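The exercises below ask you to work through one protein model, from its empty spaces to single residues. Try each task on the coordinates before you read its solution.

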Amino acid sequence: MAVRGPLLKDELDIVIPTIRDLAFLEQWRPYLSPYHLIIVQDGDPTKKIHVPEGYDYELYNRNDINRILGPKASCISFKDSACRCFGFMMSKKKYIFTIDDDCWVAKDPSGHEINALEQHITNLLSPSTPFFFNTLYDPYRAGADFVRGYPFSMREGVATAISHGLWLNVPDYDAPTQLVKPSEKNTRFVDAVMTIPKGTLFPMCGMNLAFDREMIGAAMYFGLMGDGQPIGRYDDMWAGWCCKVICDHLGFGVKTGLPYIHHSKASNPFVNLKKEYKGIFWQEEIIPFFQQVVLPKEAVTVEQCYIELAKQVGEKLNGLDPYFTKLSEAMVTWIEAWTELSGTAKKSDATSNGSVN
């Protein structure tokens with residue numbers, strides 16, 4: 001019997017945003033080392049980032065982003081993990097797995113290590129069921145099927161665009177919840193994957209996420225966050241809301257649940273509160289906006305949908321704060337840069353395997 005190699009080895013890039021050495025990759029070596037990494041270095045571009053030996057990677061810093069995108073570099077956030085979406089733009093692969101540098105390999109209840117990437121790939125390569133909920137969750141998993149009463153005409157499902165993984169140990173809480181539950185840990189392992197139903201939004205977390213770049217990558221923009229912006233820590237959730245309404249419009253699926261990773265450390269709740277403060281109030285209007293947004297039937301590509309969404313953000317959220325006019329313009333700039341550079345980026349544009357430009 002032939003030995004199976006790494007799944008999608010030549011069709012998937014791993015994108016990591018970081019400000020520090022990537023020693024955490026040593027723990028992930030059995031699972032991630034066969035794959036190509038795109039590392040987006042945030043913060044001081046003169047700081048040298050150490051990557052463990054044996055990994056094939058490109059490393060981009062802020063100077064690279066400015067050089068490659070020119071004036072359009074303004075759409076890439078600075079001093080925020082939202083910078084990762086530059087890596088999505090520079091990839092030429094069909095699939096992306098993005099992970100934070102404080103995420104370790106988790107173990108299931110039996111003590112076995114979880115190959116998170118393999119589970120993400122399984123999710124992405126199996127259909128989703130956004131139009132009719134299956135009470136046994138994912139009917140395509142081994143040992144599961146469609147329940148009685150599930151329409152046979154819908155059992156083929158639709159293509160899966162996004163696989164949203166979860167975390168053990170440090171929960172992904174907002175700052176007020178962190179402050180009232182400073183010692184709480186997430187120890188509950190739920191062995192389930194489900195499709196998020198059409199018309200339902202969710203708070204997407206970017207620390208353990210995979211997606212079909214060719215299918216939904218143009219909408220996977222983490223917005224304007226961090227340095228110079230009035231809000232932070234809403235980057236992944238903004239991308240999730242945008243992606244979900246576009247997936248609903250185009251008939252794509254989004255899965256959540258397995259795989260789990262181990263989130264090793266909590267960020268400072270007081271720093272987080274400063275970043276999140278306005279977002280906590282704004283989200284009470286942002287979420288209804290996304291719940292009510294309607295994309296025209298003429299919008300048949302992700303790019304067309306995203307431009308229309310940017311237009312509506314500018315028109316309907318600018319009264320909330322002038323920031324949303326700026327964000328709307330950045331969304332358009334993102335699509336312009338994506339169209340120009342996605343799939344055409346060259347490895348020579350980046351630091352490769354530790355050799356500085």
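On a 1 Å grid over the protein atoms alone, a pocket is an open set of points with protein on both sides within 12 Å along at least five of seven lines, a cavity is a set of points where a 1.4 Å probe fits but cannot get out, and lining residues have an atom within 4 Å of a point. The model is predicted, so that local features need pLDDT of at least 70 and side-chain atom pairs count only at pLDDT 80 or more, whereas totals for chains, interfaces and linings use all residues. Residues are numbered from 1 along each chain as its sequence is written, and side-chain values use heavy atoms, with hydrogens and water left out.

**Exercise 1. Describe the overall build of the protein.**

Step 1. Take helices (H or I, at least four residues) and strands (E, at least two) as DSSP runs numbered from the N terminus; the protein then has 10 helices and 10 strands.

Step 2. The radius of gyration, taken over C-alpha atoms, is set against the globule rule, 2.2 Å times the number of residues to the power 0.38. The protein comes to 20 Å, close to the 21 Å that the rule gives for 357 residues, so it is as compact as a globular protein of that length. Along the principal axes, its C-alpha atoms fill a box of roughly 60 × 50 × 45 Å.

Step 3. With buried meaning under 20% relative accessible area, exposed over 50% and partly exposed in between (1.4 Å probe, protein chains only), buried residues make up 54% of the 357 residues.

Step 4. With contact meaning heavy atoms within 4.5 Å, residues 24 or more positions apart account for 74% of the contacts that have a separation of 6 or more.

**Exercise 2. Characterise the largest pocket and its lining.**

Step 1. Grid points are joined across faces, edges and corners, and a volume is the space filled by probe spheres set on the points; the largest pocket holds about 1,200 Å³ of space.

Step 2. Its lining has 48 residues, of which Ser 81, Asp 100, Asp 172, Arg 233 and Ser 267 lie nearest the centre.

Step 3. Strand S1 (12-18), strand S6 (160-169), H7, strand S9 (253-263) and helix H8 (269-292) each supply at least two lining residues, and the largest share, 8 residues, comes from H8.

Step 4. Count Ala, Val, Leu, Ile, Met, Phe, Trp, Tyr, Cys and Pro as nonpolar, Asp, Glu, Lys and Arg as charged, and the others, Gly among them, as polar. The pocket lining then has 20 nonpolar, 12 polar and 16 charged residues.

**Exercise 3. Find what is enclosed, and state what surrounds it.**

Step 1. The count comes to 1 cavity of 30 Å³ or more, and the largest cavity has a volume of about 50 Å³.

Step 2. Lining this cavity are Met 225, Ile 231, Tyr 234, Trp 238, Trp 241, Ile 286, Tyr 323, Phe 324 and Leu 327, a lining that divides into 9 nonpolar, no polar and no charged residues.

Step 3. Helix H7 (235-250) and helix H10 (323-341) each supply at least two of the lining residues, and H10 gives the most, with 3 residues.

**Exercise 4. Which of the loop residues Arg 84 and Ser 153 is buried, and which is exposed?**

Step 1. Arg 84 sits in the loop between helix H2 (62-69) and helix H3 (85-90), and its relative accessibility of 2% makes it buried. Beyond its neighbours within four places in sequence, Arg 84 is in contact with residues including Val 15, Thr 98, Asp 100 and Phe 222.

Step 2. Ser 153, in the loop between helix H4 (116-125) and S6, has a relative accessible area of 71% and is exposed.

**Exercise 5. Locate the backbone features that deserve a check.**

Step 1. The peptide bond from Leu 258 to Pro 259 is cis, with omega near 10 degrees, and Pro 259 is found in strand S9.

Step 2. Tyr 137 has phi near 60 degrees, a positive value in a residue other than glycine; its place is in the loop between H4 and S6, and at 37% relative accessibility Tyr 137 is partly exposed.

Step 3. Arg 233 also has a positive phi, near 65 degrees, in the loop between helix H6 (213-216) and H7, and its relative accessible area of 23% makes it partly exposed.
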